[in-house]
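User: I'm new to this one and keep tripping over the labels. Could you walk me through why things are called what they're called?

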Amino acid sequence: MDYIALLQDYYQWWITIVALLIYPKIAKVLLRLFESTVSDRHDVHRIKRARWLIKAAMLITLLLTLMMMWGIELRGLLVVGSSLFALLGVGLFASWSLLSNVTSFLALFIQNHCRIGLWVRVVDGANHVEGRIVDMTFLNVVLDTVDGNRILYPNNLFIVRPVIVLSKAPEKALKKADKKQLPNGVKR
């Protein structure tokens, strides 16, 4: 059996297999390098986001390289990318769609002002909602209030409403004394 002819005929498969096998090792080395450069930082959430972005960028680069090697033209991907960009634009401006919530999640994921564990007050006109952020999902931000209630606040509204990051947990509101009912016919 002629191994050189076998390698020449199936070189794309061999390169793809080798690239997919060494990807985790390269990712681990790059993430260790990244962690050594930011070891003095204490913001765990930002480091997790940066790690995720590094992994995603490496995977996208690997996939694009393999696609070019297999003969897929990137012009076709440009059409798909521009379509996705238009879809994302619609998602940003259509305030009641699910796509808007997912797009808002991406914006919340990138920015670092509101993260899990912080106490926030979301102002909506004369009303407001206070709570501690316990989770950020694709569709909503989950807040736990002082009273023990759980609020699911849509991501698109969380982005467009003023959000006050509180420096400490709010004090529990004092319950107002119940007003006594006057008997019928008695005026104040």
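User: To start, which residues is valine 141 in contact with, leaving aside its neighbours within four places in sequence?

Analyst: Contact means heavy atoms within 4.5 Å. By that test, valine 141 touches Leu108, Ile133, Asp135, Met136, Ile151, Leu152, Tyr153, Asn155 and Phe158. A word on the source: this is a predicted model, where local features need pLDDT of at least 70 and side-chain atom pairs count only at pLDDT 80 or more, while totals for chains, interfaces and linings use all residues. Residues are numbered from 1 along each chain as its sequence is written, and side-chain values use heavy atoms, leaving out hydrogens and water.

User: What makes up the largest nonpolar core?

Analyst: A nonpolar core is a set of buried Ala, Val, Leu, Ile, Met, Phe, Trp, Tyr and Cys residues joined through side-chain atoms within 4.5 Å. Here the largest one has 11 residues, including Leu108, Val141 and Phe158. Strand 1 (119-124), strand 2 (127-136), strand 3 (140-144) and helix 6 (155-160) each supply at least two of its residues; helices (H or I, at least four residues) and strands (E, at least two) are DSSP runs, numbered from the N terminus.

User: Why is phenylalanine 105 called buried?

Analyst: Buried means under 20% relative accessible area, exposed over 50%, partly exposed in between (1.4 Å probe, protein chains only). Phenylalanine 105 has 14% relative accessibility, so it counts as buried. Tryptophan 70, at 33%, therefore counts as partly exposed.

User: What makes tryptophan 13 and tryptophan 70 an edge-to-face pair?

Analyst: Rings of Phe, Tyr and Trp (its six-membered ring) pair if their centres lie within 6.5 Å; planes under 30 degrees apart count as stacked, over 60 as edge-to-face and the rest as tilted. The centres of these two rings are 5.0 Å apart and the planes stand at 80°, which fits edge-to-face. The pair links distant parts of the chain, 57 residues apart.

User: And why is the pair of phenylalanine 105 and phenylalanine 109 tilted?

Analyst: Their centres are 6.1 Å apart and their planes meet at 35°, so the pair is tilted. Both sit in helix 5 (residues 98-110), about one helical turn apart.

User: How do you know that strand 3 and strand 4 pair?

Analyst: Two strands pair if DSSP finds at least two bridges between them. Strand 3 and strand 4 (residues 150-154) have 5 bridges, in the antiparallel sense. They form a hairpin, with glycine 148 in the turn at a positive phi of about 90°.
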